Amino acid sequence: MDIPSKVSLGKASFLFKKYIALHFFFLLLIALYVFGFEYVPAQDYPNLLYQGHIFNQLLFHGNNFSGIFFLYPYIPPNVVSTIVLAIFDLVFDPFFSGKLYLVLLGFSLYWSINRYIKSFDIRYPMLIAALSFFLTFNLHYLAGYLNFISGLAFTLHIIATMRSHPKLEDNLWFLGMAILISYLCHFIALVILIIYLTVNFIIKKKYVIAFRSFAAALPTIILFGQYLFTRTITILPHSADLDTRGIPEVAIDQVRNFCRVFIPFHHFKWVTELPPPIVAFDYSFSVIVLAGCCLLVIRCILRKNYPITFWLTGISLLLSILLPTYIGGVLLPGERFVIFCLVNAIVLYLSLKPQLLQRNLFFGLLLILGIAGIGYNYFNEYRFNSMVAAHMIPQEAIFQSRTKQEGTNGFLHFHFYDDIKSGKVVPFFNTGIISFPDSIKKSNSEQ
């Protein structure tokens with residue numbers, strides 16, 4: 001009896017070490033990706049880095065930039081990156097602070113997806129690790145949407161924690177803090193949390209707790225109401241009028257927007273266009289995944305099997321496809337529900353207990369696509385950094401202080417790197433706690 005027991009323990013120890021080594025490998029790749037760039041080529045990231053720097057100067061150094069920048073008298077639902085970066089800037093220089101925050105966000109998102117899937121009693125640790133790694137390098141992370149990624153990671157952690165400790169669902173203090181923090185990160189993160197809580201309470205018939213949770217959300221509701229009624233900054237004009245397009249064109253765009261969130265080989269107009277075979281693979285893979293999500297939902301309906309992940313997959317899938325292009329300052333809000341949809345669809349798939357061969361093929365595919373994808377993105381975007389250093393890209397497209405947001409050739413917000421170095425005062429659009437609203441209003445009225 002002793003020998004089999006020792007063999008079993010030895011095998012478990014070996015698998016545990018493999019699992020830990022895989023975690024370490026994935027986290028190391030995330031850190032190497034971010035710190036591999038002098039200027040991280042993420043779309044919104046330079047702007048948010050600049051905002052954190054300005055907030056640090058305003059709050060901790062008394063530099064009001066001759067009254068150009070000021071704090072708003074409200075707390076909107078996207079302030080976390082400004083606050084965190086301002087605090088990090090007390091210890092590190094702004095560029096290292098930003099990279100540190102990006103790496104920590106990558107770690108947090110990776111681990112939150114891992115915890116979320118496991119909270120549904122899914123026991124395929126190696127496969128879950130590969131899934132978490134692949135989904136971490138999504139459009140939102142690679143484009144530097146710091147507030148939304150912070151909110152998504154936090155929300156997934158909170159849901160996983162509640163599922164591990166069900167009594168927390170009845171704790172109004174816990175719910176109140178969770179709702180408030182998700183609000184401070186991003187409004188869509190708050191919506192995702194509310195969707196989960198609503199579906200969960202209805203399934204468990206916790207109607208009294210659901211009603212009482214409204215009281216827990218009251219501080220957040222007050223903050224949001226005060227923000228709406230006292231907001232002075234103008235919202236960007238509607239840039240994509242759906243009324244001018246036909247239904248087929250709108251439908252194709254919505255599906256394309258869904259797919260581009262998790263394509264393996266991302267591209268942000270930095271240097272060259274993607275070769276046609278890569279584009280074909282990206283969208284073929286994405287359409288297959290989208291079709292798989294739909295088939296999983298249909299399968300549950302046909303079998304009259306409605307677990308909570310069925311509802312979460314279906315609701316987030318509908319929101320990601322049906323939401324309009326622009327709502328109240330949020331461009332392409334449907335894209336923000338895609339990762340949540342995929343994570344729940346993955347739980348639905350793995351709950352079917354796929355065969356070992358299917359799991360191994362799935363693991364291998366995700367491992368190859370994850371590593372190849374970030375490798376492709378790194379070398380393509382490293383080329384962009386090299387072209388910047390060699391002055392091969394027009395100066396006016398990158399390092400120039402100006403009153404409009406974006407440069408030419410798609411180099412969005414990149415000039416903010418140089419603006420931080422040189423201490424330039426540059427107007428930027430932001431619905432956060434600090435901005436340069438007069439210039440924004442002027443530019444809007446001139447359009």
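Helices here are DSSP runs of at least four residues, numbered from the N terminus. The model is predicted. Three helix pairs and one pocket make up this tour.

Start with the pocket, the second largest in the model. Four helices each supply at least two residues of its lining: H5 (125-136), H13 (276-302), H15 (338-350) and H16 (356-389). Which helix gives the most to this lining? H13 does, with 7 residues. The pocket has a volume of about 500 Å³. In total, 19 residues line this pocket. Look for its centre beside Ile288, Val289, Ile346, Tyr349 and Phe362, the lining residues that lie nearest to that point. What is the lining made of, by class? It has 17 nonpolar and 2 polar residues. Charged residues are absent from the lining.

Now turn to the helix pairs, beginning with H2 and H3. H2 covers residues 45-60, and H3 covers residues 80-88. Their axes lie 7 Å apart, and the helices pack at an angle of about 60°. That angle is under the 65 degrees where roughly perpendicular begins, so H2 is oblique to H3. H2 passes H3 in a right-handed crossing. From H2, the contact draws on Leu48, Leu49, Gln51, Gly52, Phe55, Asn56 and Phe60. H3 answers with Ser81, Thr82, Ile83, Leu85 and Ala86. By class, this contact has 7 nonpolar and 5 polar residues, with no charged ones.

Next come H8 and H10. H8 spans residues 172-185, and H10 spans residues 207-216. The two pack at about 55°, with their axes 9 Å apart. This angle therefore makes H8 oblique to H10. The crossing of H8 past H10 is right-handed. Which residues meet here? Leu172, Leu175 and Gly176 of H8 face Arg212, Ser213 and Ala216 of H10 in the contact. The classes are mixed: 3 nonpolar, 2 polar and 1 charged residues.

The last pair is H9 and H14. H9 runs over residues 187-203, and H14 over residues 308-322. The axes of H9 and H14 come within 10 Å and cross at roughly 145°. The crossing of H9 and H14 is right-handed. On the H9 side, the contact uses Ile195, Tyr196, Val199, Asn200 and Ile203. These meet Ile308, Trp311, Leu312, Ile315 and Leu319 of H14. How do the residues of this contact divide by class? There are 9 nonpolar and 1 polar, with no charged residues.

Put the contacts side by side. H8 with H10 includes 1 charged residue. H2 with H3 has no charged residues, and H9 with H14 has none either. The lining of the second largest pocket also has no charged residues.

How values were computed. Residues are numbered from 1 along each chain as its sequence is written. This is a predicted model: local features need pLDDT of at least 70, side-chain atom pairs count only at pLDDT 80 or more; totals for chains, interfaces and linings use all residues. Side-chain values use heavy atoms; hydrogens and water are left out. Axes are lines fitted to C-alpha atoms, for helices over the stretch in contact, and angles run from 0 to 180 degrees between N-to-C directions. Angles under 35 degrees count as roughly parallel, over 145 as roughly antiparallel, 65 to 115 as roughly perpendicular and the rest as oblique. A crossing is left-handed if the near helix is turned anticlockwise from the far one by less than a right angle, and right-handed if clockwise. Contact means heavy atoms within 4.5 Å. Ala, Val, Leu, Ile, Met, Phe, Trp, Tyr, Cys and Pro count as nonpolar, Asp, Glu, Lys and Arg as charged, and the others, Gly among them, as polar. On a 1 Å grid over the protein atoms alone, a cavity is a set of points where a 1.4 Å probe fits but cannot get out, and a pocket is an open set with protein on both sides within 12 Å along at least five of seven lines; lining residues have an atom within 4 Å of a point. Grid points are joined across faces, edges and corners, and a volume is the space filled by probe spheres set on the points.
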